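Work through these exercises with the structure open beside you. Each task is followed by a solution in steps.

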Amino acid sequence: MSPDPGPHVGRFHPFTPLVLTLCVAVLAVAAPGPKTAAALYTTTVVAVFLGGVGRAALRALIPLAPLWFFLFLLHGVLGDGDQVVILGLSLSREGLAAAVTQACRLGAIATASLTLYASFSPARFVDAVADRGWSFSTAYLVVATLLALPRFRARALAIIDAQRSRGLRLRGSPLNRVRAIGPVTFPLLLGALAEVDERGYALETRCASGVVHRTPLDPPLDRVGDRAIRWLAGAGAVAVLLWRVFG
Amino acid sequence: MSALLFKGAGFTYPGAPSPALRDCVLHADAGSITWLTGALGAGTSTALLLAAGLAPRHTGGERTGTVLTLGVDPALPSSGAALGGRVALVLPSPATQLSGIAETVFQEVAFAPANLGWPRARITARVSDALTALAISHLANREPGTLSGGEMQRAVIASMLVLEPDLWLLDEPTSALDTAGRALVHALLRREAVRGAAVVVASEDTDGLHQVADRLVVFADGCPVLDGPPQEVLRGERVWEAGAASTAIAGLARAAGNAAPRPLTVDEGVARWAR
Amino acid sequence: MNARLLALLPAAIAINLVIGGLVNAMGLPLYLDSIGTILATVLAGPAVGMLVGAIGQVLFGLINGYQWIPFGLIQIVIAVLAGVAASQAGFRSTGRSIAWGLLTGLVAGALSSIISYVLFKGVTATGTTAVVTLLRQLGLSLPVAVTASSLALDLADKAVAFLVVGALVRSLPNRMIGRFARAALAVGR
């Protein structure tokens with residue numbers, strides 16, 4: 001998530017990347033085998049790079065790498081059935097196919113959602129929702145939470161620093177680390193609760209509850225291209241889903 | 001016509017052993033600045049929360065007596081519609097009053113008007129005016145989280161000013177501001193009173209407010225004990241007995257053994273002592 | 001939605017995500033990603049807790065990959081059970097908190113292993129998958145390995161989470177508890 005969402009993705013209406021990533025998720029779940037799953041993953045990565053947010057695809061590799069390793073291990077190496085020898089390792093043919101399918105499914109999903117996150121602009125999202133007249137409360141909750149995360153993280157780190165200077169040990173035995181939970185979480189939780197009161201007063205005074213028609217401050221353009229992409233992607237995903245369920 | 005009226009009002013926080021506010025009689029008129037002060041825990045902050053209707057609605061606890069804000073009981077659920085956007089509340093810590101969804105100071109100040117569904121043109125015009133009035137126009141595109149304490153406090157006040165409220169309730173609104181900033185805000189409150197708003201400000205900034213406020217109400221132990229023109233009240237001894245403080249010069253005079261009525265400003269002090 | 005909830009929910013959700021991330025970074029064999037859900041339930045009821053859990057999991061999925069979103073079901077179940085615990089003064093003491101936590105962990109662990117197996121064929125969080133691999137090596141079938149590792153982790157995780165929330169709410173002054181009526185009931189005041 002950034003104030004500068006990228007040269008191409010940033011020009012879309014906020015709902016377009018949202019619909020696209022949901023469609024990728026549906027297609028990933030519906031992909032029947034290793035070839036289709038791999039095709040989907042490759043297409044997603046290429047699209048992401050073309051959209052100017054290639055770093056999202058790379059970032060997705062971080063959580064994916066251990067998942068892929070274990071899929072390979074669990075299903076490929078330890079899998080039953082027909083064995084095939086690759087590079088000296090005896091791997092299950094079926095297991096390998098299942099591993100590749102699942103790996104590509106997870107890859108497509110992870111890449112799509114990280115791209116959405118990288119291209120998300122809070123203000124444009126709130127304006128898009130307001131423009132449509134949809135629930136302000138929901139949009140508020142999503143955006144306020146996303147914007148609160150760095151603040152809470154910074155506070156948690158500051159608390160850890162403060163507690164360490166008072167003698168808190170974070171390394172060492174698991175018991176040590178479990179003992180550290182209280183001194184780290186308590187101040188964070190208490191601080192959060194103390195804030196809730198005043199913030200509630202401020203939100204009430206600024207008429208944030210019972211919002212009927214919030215004015216979009218800078219409504220994002222919903223071009224024909226945006227609508228076309230959303231409809232095509234949505235129809236495609238539904239078609240594939242129906243084909244998988246009934247075909 | 002009183003913008004704010006307390007008649008025998010009392011309030012006890014949930015689980016508290018004694019009331020925070022007892023038998024309180026208070027009124028604030030449109031077009032004037034009413035200044036509340038008192039020792040810590042004397043009840044000024046609670047009075048403001050009561051006026052805004054946030055006590056007991058948000059705080060829990062029990063209220064007794066009558067509270068009328070702009071003619072309605074603010075604690076009633078139906079009053080939300082009547083009072084929305086007409087009552088400004090500014091609390092001591094600026095950071096917790098931020099909307100939480102604004103990426104720029106402009107969006108922050110536009111938060112309330114946008115929620116009320118104002119037309120975009122009106123929002124843009126009013127927000128620009130408010131930013132100018134608080135001398136933070138140059139910060140319009142900054143992220144609210146990166147502001148200094150003083151800048152944030154100005155942004156919070158601007159986000160209330162934009163509404164042109166009928167009643168201002170301010171609790172220590174200048175704690176993070178420097179001398180210039182405090183002077184700016186006090187001048188702003190004066191202009192608001194001239195515009196016809198009722199301004200109620202709870203503050204320990206005696207030196208700053210004694211020439212700006214029209215009336216001073218001193219609280220002690222949950223109840224107003226003094227009520228009168230600031231210049232009169234601050235020169236006397238009773239304000240000290242109530243646990244509050246007067247201006248620095250008056251404090252100096254008192255410490256030096258001068259009896260009431262005491263000088264309030266440097267000029268008055270010089271006139272009194274340089275003989 | 002009233003202004004107090006608008007202020008409470010983002011904080012509770014952020015707590016889920018931040019403490020979860022912290023614990024991950026500290027290398028602890030726990031999730032602790034439901035403290036916000038449990039706290040919100042104790043303060044404002046299971047409906048609010050479910051919202052915290054659901055929205056939190058969706059946002060977690062947004063940031064780390066949609067594949068995690070199905071586990072939002074577990075957050076919802078945690079909210080329901082925490083709600084039951086709160087209505088029974090389940091947070092009145094350390095012992096009661098841990099007991100209710102273990103019960104929740106049992107249900108959460110079972111559900112989690114079902115989701116793990118059905119959706120991911122046994123591969124999800126790196127920690128559990130390592131345990132699953134180990135158990136497979138020892139000859140256990142995949143479903144059993146996934147269930148056993150999920151359960152053990154969830155039991156410990158929910159016990160600690162309930163313990164932390166219980167201790168926190170019991171330590172709150174009356175003035176704060178008074179703002180949240182259900183919390184008083186949960187700690188038996």
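## Exercise 1: The interface of chains A and C

The contact between the two chains takes 56 residues from chain C and 59 residues from chain A. These values come from a predicted model.

**Task.** State how much area is buried between chain C and chain A, and which salt bridges cross the interface.

**Solution.**
1. Start with the area. About 5000 Å² is buried between chain C and chain A. Carbon and sulfur atoms give 81% of that area.
2. Turn to the charges. The rule finds 2 salt bridges across this interface.
3. Pick out a pair. Asp197(A) and Arg179(C) meet through their side chains in a salt bridge, at 2.7 Å from N to O.

## Exercise 2: A sheet in chain B

**Task.** Give the strand order of the open sheet of 3 strands in chain B, and find what packs on that sheet.

**Solution.**
1. Read the order. The strands run β2-β1-β4 in chain B, with antiparallel pairing.
2. Find the edges. Strands β2 (21–29) and β4 (62–69) of chain B each pair on one side only.
3. Check the turn. Neighbouring strands are turned by 5 degrees against each other on average, with direction ignored.
4. Add the helix. Helix α1 (residues 44–52) of chain B packs on the sheet and touches β1, β2 and β4 of chain B. The direction of α1 makes about 115 degrees with that of β1(B).
5. Count the bridges. Strand β1 (residues 2–12) of chain B is joined to β4(B) by 7 bridges, and the two run antiparallel. Within this pairing, Thr12(B) stands opposite Glu62(B) in β4(B).

## Exercise 3: A hairpin in chain B

**Task.** Describe how β8(B) and β9(B) pair, and find the residue with a positive phi in their hairpin.

**Solution.**
1. Locate the strands. β8 covers residues 215–220 of chain B, and β9 covers residues 223–228 of chain B.
2. Describe the pairing. The two strands are antiparallel over 5 bridges. Val217(B) stands opposite Asp227(B) in β9(B).
3. Look between the strands. The hairpin has 2 residues there, and Asp221(B) takes a positive phi near 55 degrees.

## Exercise 4: Cysteines

**Task.** How many disulfides does a search of the whole structure find? Then examine Cys104(A) and Cys24(B).

**Solution.**
1. Take the total. The search finds 0 disulfides over all chains.
2. Try Cys104(A). The nearest cysteine sulfur, that of Cys23(A), is 19 Å away. Cys104(A) is buried, at 11% relative accessibility.
3. Try Cys24(B). The nearest cysteine sulfur belongs to Cys223(B) and is 6.0 Å away. The cut-off for a disulfide is 2.5 Å, so a distance of 6.0 Å does not qualify. Cys24(B) is buried too, with a relative accessible area of 0%.

## Exercise 5: Buried or exposed

**Task.** Are Ser97(C) and Ala180(B) buried or exposed?

**Solution.**
1. Place Ser97(C). This residue is in helix α5 (residues 94–120) of chain C.
2. Read its accessibility. At 0%, Ser97(C) counts as buried.
3. List its contacts. Beyond neighbours within four places in sequence, Ser97(C) touches residues including Phe91(C), Phe162(C) and Arg170(C).
4. Place Ala180(B). This residue is in helix α8 (residues 179–195) of chain B.
5. Read its accessibility. At 54%, Ala180(B) counts as exposed.

## Exercise 6: Salt bridges within chains

**Task.** How many salt bridges does the structure hold over all chains, and which parts do the pairs of Glu195(A) and Glu237(B) tie together?

**Solution.**
1. Take the total. There are 22 salt bridges over all chains.
2. Take Glu195(A). This residue pairs with Arg151(A), the closest N and O atoms being 3.9 Å apart.
3. Place both partners. Glu195(A) lies in helix α8 (residues 181–205) and Arg151(A) in helix α6 (residues 136–165) of chain A, so the pair ties together parts that are 44 residues apart in sequence.
4. Compare accessibility. Glu195(A) is buried at 16%, whereas Arg151(A) is partly exposed at 34%.
5. Widen the view. Arg151(A), Arg155(A), Glu195(A) and Arg199(A) are linked in a network of salt bridges.
6. Take Glu237(B). This residue forms a salt bridge with Arg254(B), the closest N and O atoms being 2.9 Å apart.
7. Place both partners. Glu237(B) lies in the loop between α10 (230–235) and α11 (238–241) of chain B, and Arg254(B) in helix α12 (residues 248–255) of chain B, so the pair ties together parts that are 17 residues apart in sequence.

Key. Residues numbered from 1 in each chain as written. Chains lettered and ligands numbered in written order. Predicted model: local features only at pLDDT ≥ 70, side-chain atom pairs only at ≥ 80, totals over all residues. Heavy atoms only, no water. Pairing = 2+ DSSP bridges. Helix = DSSP H or I, 4+ residues; strand = E, 2+ residues; numbered from the N terminus. Axes fitted to C-alpha atoms, helices over the stretch in contact; angles between N-to-C directions. Contact = heavy atoms within 4.5 Å. Buried < 20%, exposed > 50% of the residue type's maximum accessible area, 1.4 Å probe, protein only. Buried area = accessible area lost by both parts, 1.4 Å probe. Salt bridge = Lys/Arg side-chain N within 4 Å of Asp/Glu carboxyl O.
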